[in-house]
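Ready for a few exercises at the bench? Have a look at the molecule below, try each task yourself, and then follow the worked solution.

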Amino acid sequence: MTDFKPVAGLTMPTSSALVQALFTPTTQQFLVTLVRRFRPQLRQLLLQRSERQRAIDNGALPDFDAATAGIRSSDWQIAPLPKDLQKRRLEITGPVDRKMVINALNADVDCYMADFEDSQSPTWQGLLEGQLNLRDANRGAISYDDPTSGKHYSLNDQKVLLIARVRGLHLPEKHVLVDDDVIPGALFDFALYFCLNYEQRKQRGTGVYYYLPKLEHSDESAWWAEVFSFTEDYFVQQRGLIRATVLIETLPAVFQMDEILYVLRQHIAALNCGRWDYIFSYIKTLKNHPDRVLPDRQQVTMAQPFLRAYSRLLVYTCHRRGALAMGGMAALIPSKDAAANAQILAKVRADKELERDNGHDGTWIAHPGLAATVREVFVDGLDGDNQLHVLPGDAAAIKADELLKPCGGERSESGMRSNIRVALQYIAAWISGKGCVPIYGLMEDAATAEISRASIWQWIKHQQALDNGETVTVALFRRYLSEEAQVVRTEVGEQRWQQERFDDALQLLDDITTAEQLTEFLTLPGYQLLD
């Protein structure tokens with residue numbers, strides 16, 4: 001191992017061979033330059049985000065911004081889409097471990113969203129290995145030998161478009177300091193992926209493509225636009241080499257879609273209905289509003305009026321501006337039981353037909369076993385590569401009250417107990433380094449775990465009654481938590497209980513669910529438990 005010294009101002013672990021392989025002096029200097037330029041502004045944006053939330057906590061409701069009405073009413077288009085971003089009918093998503101990357105790129109899909117965010121636990125080792133895996137994938141030189149099964153994995157004839165999702169603006173990268181201060185995880189992910197891959201992707205006639213998660217305001221999108229333009233200028237590349245898809249997965253962002261597209265118009269490709277995070281954001285944003293408390297998670301489907309309005313308005317807004325409108329995640333996992341699997345696939349088909357009929361251009365799956373069913377809807381069921389020609393005119397009349405409409409349904413003991421078991425198992429997996437976990441037939445990631453724990457917090461705050469007549473209190477939650485922890489312990493076994501740090505997960509789940517103020521993201525305190 002050769003001597004390795006970070007550039008001036010950069011502090012990071014240097015003993016790893018991975019660090020030495022990934023961080024050239026050019027990459028290091030670019031990262032330092034990027035952080036110094038954009039970290040101060042990002043901190044201001046996060047303060048502004050908190051100020052807007054404070055107003056909502058005090059009784060205001062989100063709405064369209066009168067100051068930007070001119071952007072919404074005027075005619076303009078985003079920059080024309082590159083050819084390879086015009087056909088995204090079916091996308092698979094998942095973490096960036098080596099086997100997943102290979103399987104995703106070999107799947108019968110159009111795109112693979114390689115995820116450094118909700119389905120990736122951001123351990124230092126995992127992040128670095130993920131960047132190495134994507135570098136090798138972009139070079140077409142990735143393989144893997146499973147030490148347990150002995151099975152060999154390698155790329156087939158690669159036709160799947162790779163898009164990387166970086167972490168949200170709120171998440172730090174504690175292992176890297178610039179000028180003795182932690183850096184934004186989003187800038188770390190963005191900069192390293194760009195430096196490792198832009199030359200290779202240019203040679204293949206494509207661009208550097210990203211997903212941007214959890215934005216709340218067009219000011220945050222404008223920050224990303226500056227990051228993109230600065231990067232292209234820094235490396236003397238043409239404008240638009242970088243193109244982004246923005247996830248509309250926060251309630252405030254749905255009122256900013258035109259503005260987000262406008263400020264990113266040189267770099268945007270699509271908006272995406274990040275439905276699970278959107279449901280979590282609905283709870284989090286309206287947490288102090290007793291008339292907006294959601295029912296059991298299982299009842300909050302895309303058929304609910306407030307979610308149907310969200311989907312249709314996104315399609316209308318995107319297509320009016322020449323951007324693609326991507327649908328949400330099918331989180332179900334195929335079953336080995338034929339009868340059960342038929343029911344699962346029927347549910348997936350119905351969900352995807354709703355998205356297609358709303359006008360979406362493509363959709364997400366979390367498991368390659370769903371690809372054939374979803375292709376029948378979003379490939380065989382479409383005329384052409386996309387539905388940009390579909391402009392649901394009635395969606396133009398969607399108002400704020402439709403997007404905020406309360407959702408009916410019961411709050412049940414079984415639903416609360418299910419939320420506890422899901423959140424507990426997911427948190428245990430996450431703090432043990434796994435960010436995407438199959439639980440009870442669903443592929444759970446951070447977004448679905450957030451719904452599970454935030455729902456209970458809100459039920460406690462507003463003293464909701466369950467179907468068994470009990471009122472949800474801290475004491476009731478702790479009784480259910482103790483009982484359901486024993487259920488989970490029996491299900492997973494003693495060895496896994498100890499290996500996956502379930503005791504730490506129990507404490508964290510109790511802390512964030514019974515806190516007086518809602519913890520903004522469970523991944524923030526969870527990150528302190530990661531290596």
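## Exercise 1: Helix 11

Of the 17 residues in helix 11, 14 are buried, so the rest of the structure largely encloses this helix. Buried means under 20% relative accessible area, exposed over 50%, and partly exposed in between (1.4 Å probe, protein chains only). Helices (H or I, at least four residues) and strands (E, at least two) are DSSP runs, numbered from the N terminus.

Before you start, note that this is a predicted model: local features need pLDDT of at least 70, side-chain atom pairs count only at pLDDT 80 or more, and totals for chains, interfaces and linings use all residues. Residues are numbered from 1 along each chain as its sequence is written, and side-chain values use heavy atoms, leaving out hydrogens and water.

**Task.** Work out what span helix 11 should have at 1.5 Å a residue.

**Solution.**
1. The expected span of a helix is 1.5 Å times one less than its number of residues.
2. For the 17 residues of helix 11 (residues 305–321), that gives 24 Å.
3. The end C-alpha atoms of helix 11 are 24 Å apart, which agrees.
4. Just after helix 11 comes Gly322, with a positive phi near 85 degrees.

## Exercise 2: An aromatic pair

**Task.** Classify the pair formed by Phe190 and Tyr210, and find which elements hold the two rings.

**Solution.**
1. Rings of Phe, Tyr and Trp (its six-membered ring) pair if their centres lie within 6.5 Å; planes under 30 degrees apart count as stacked, over 60 as edge-to-face and the rest as tilted.
2. The structure holds 27 aromatic pairs.
3. In the pair of Phe190 and Tyr210, the centres are 4.9 Å apart and the planes 40 degrees apart, hence a tilted pair.
4. Phe190 belongs to helix 6 (residues 185–203) and Tyr210 to strand 9 (residues 208–212), so the pair ties together parts 20 residues apart in sequence.
5. Phe190 counts as buried at 0% relative accessibility, and Tyr210 does at 1%.

## Exercise 3: The nonpolar cores

**Task.** Find which helix gives the most residues to the largest nonpolar core.

**Solution.**
1. A nonpolar core is a set of buried Ala, Val, Leu, Ile, Met, Phe, Trp, Tyr and Cys residues joined through side-chain atoms within 4.5 Å.
2. The largest has 150 residues, and those touching the most other members include Phe190, Tyr210 and Leu271.
3. Helix 6 gives the most to this core, with 11 residues.
4. A second, separate core of 37 residues includes Ala446, Leu466, Phe477 and Val488.
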